[in-house]
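This report walks through one protein for a reader who has not met it before. It begins with the chain as a whole and then moves to its sheet, its core and a few single residues.

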Amino acid sequence: WGWSWSHIAVRSRAGEWWLGTGAGVLRYPKGLTAPPVRMGREWGLPPGNMRVFEDSRGVIWVGQHGVPGHALFRLEPGAARFESLGVSHGLPPLTE
């Protein structure tokens, strides 16, 4: 499920469920009553353990713990794929 017990699943303000996995994020757009949409490489998310968070603007954030390092992604409402954030956005290098 993830490398920690926290921020593995989020219920968004819109009623969607987001679940971080080792192969991307599962999005349940109609709650837990319908099959999820798997959001992986085609959505801009490489494999790795994921944590998910929704901010006050409805942006979905995904933190990834992977090899060789870590990564941070965001999905703005209405966007077609996750944006990868890094040094060019003012973050320190995320490799260890």
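Among contacts in the protein between residues at least 6 apart in sequence, what percentage join residues at least 24 apart? The share is 35%, and it is computed, like every value here, from a predicted model.

**The chain as a whole**

The protein contains eight strands and zero helices, so that, since strands are counted from the N terminus, its pattern along the sequence reads β-β-β-β-β-β-β-β. Of its 96 residues, 40% are buried. The protein exposes about 5,800 Å², and 59% of this area is supplied by carbon and sulfur atoms.

**An open sheet**

Four of the strands form an open sheet in the order 5-6-7-8, and the pairing in this sheet is antiparallel. Strand 5 (49-54) and strand 8 stand at the edges with a single partner strand each, so one side of each is left without a neighbour in the sheet. Direction ignored, neighbouring strands of this sheet are turned against each other by 25° on average.

Strand 7 pairs in the antiparallel sense with strand 6 (residues 60-65) over six bridges, and it pairs with strand 8, again in the antiparallel sense, over three bridges. The table lists residues that stand opposite one another in these pairings.

| Residue | Partner residue |
|---|---|
| Ile60 | Leu75, in strand 7 |
| His65 | His70, in strand 7 |
| Leu72 | Leu85, in strand 8 |

The side chains along strand 7 alternate between two faces: Ala71, Phe73 and Leu75 point to one face and are buried, whereas His70, Leu72 and Arg74 point to the other and are not buried.

**The nonpolar core**

In soluble globular proteins, nonpolar side chains tend to be buried together. In this model the largest nonpolar core has 13 residues, and those with the most contacts inside it are Trp18, Val25, Leu45, Val62 and Phe82. Strand 5, strand 6 and strand 7 are the elements that give two or more residues to this core, and the largest share, three residues, comes from strand 7.

Which residues is Trp18 in contact with, once its neighbours within four places in sequence are left aside? They are Ile8, Ala9, Val10, Ser12, Val25, Leu26, Arg27, Met39, Val52, Ile60, Leu75 and Phe82. Among these, Ile60 and Leu75 are also the residues that stand opposite each other where strand 6 meets strand 7, and Val25 and Phe82 are named with Trp18 among the core residues with the most contacts.

**Two single residues**

Is Thr21, which lies in strand 2 (residues 17-21), buried or exposed? Thr21 is buried because its relative accessible area is 17%, and the cut-off for a buried residue is under 20%. A polar atom of the Thr21 side chain lies 3.0 Å from the backbone nitrogen of Ala23.

Ala80 offers another case, placed in the loop between strand 7 (70-75) and strand 8 (83-85). Its relative accessible area is 64%, and Ala80 is therefore exposed, given that exposed means over 50%. Ala80 and Gly44 are 36 residues apart along the chain, and their C-alpha atoms are separated by 9.5 Å.

Definitions and conventions. Residues are numbered from 1 along each chain as its sequence is written. This is a predicted model: local features need pLDDT of at least 70, side-chain atom pairs count only at pLDDT 80 or more; totals for chains, interfaces and linings use all residues. Side-chain values use heavy atoms; hydrogens and water are left out. Buried means under 20% relative accessible area, exposed over 50%, partly exposed in between (1.4 Å probe, protein chains only). Two strands pair if DSSP finds at least two bridges between them. Contact means heavy atoms within 4.5 Å. Accessible areas come from the Shrake-Rupley method with a 1.4 Å probe; for residues, only the protein chains shown count as cover. Axes are lines fitted to C-alpha atoms, for helices over the stretch in contact, and angles run from 0 to 180 degrees between N-to-C directions. A nonpolar core is a set of buried Ala, Val, Leu, Ile, Met, Phe, Trp, Tyr and Cys residues joined through side-chain atoms within 4.5 Å. A polar contact is a pair of N or O atoms within 3.5 Å; within protein, one must be able to donate a hydrogen and the other to accept it, and residues adjacent in sequence count only if both atoms are side-chain atoms.
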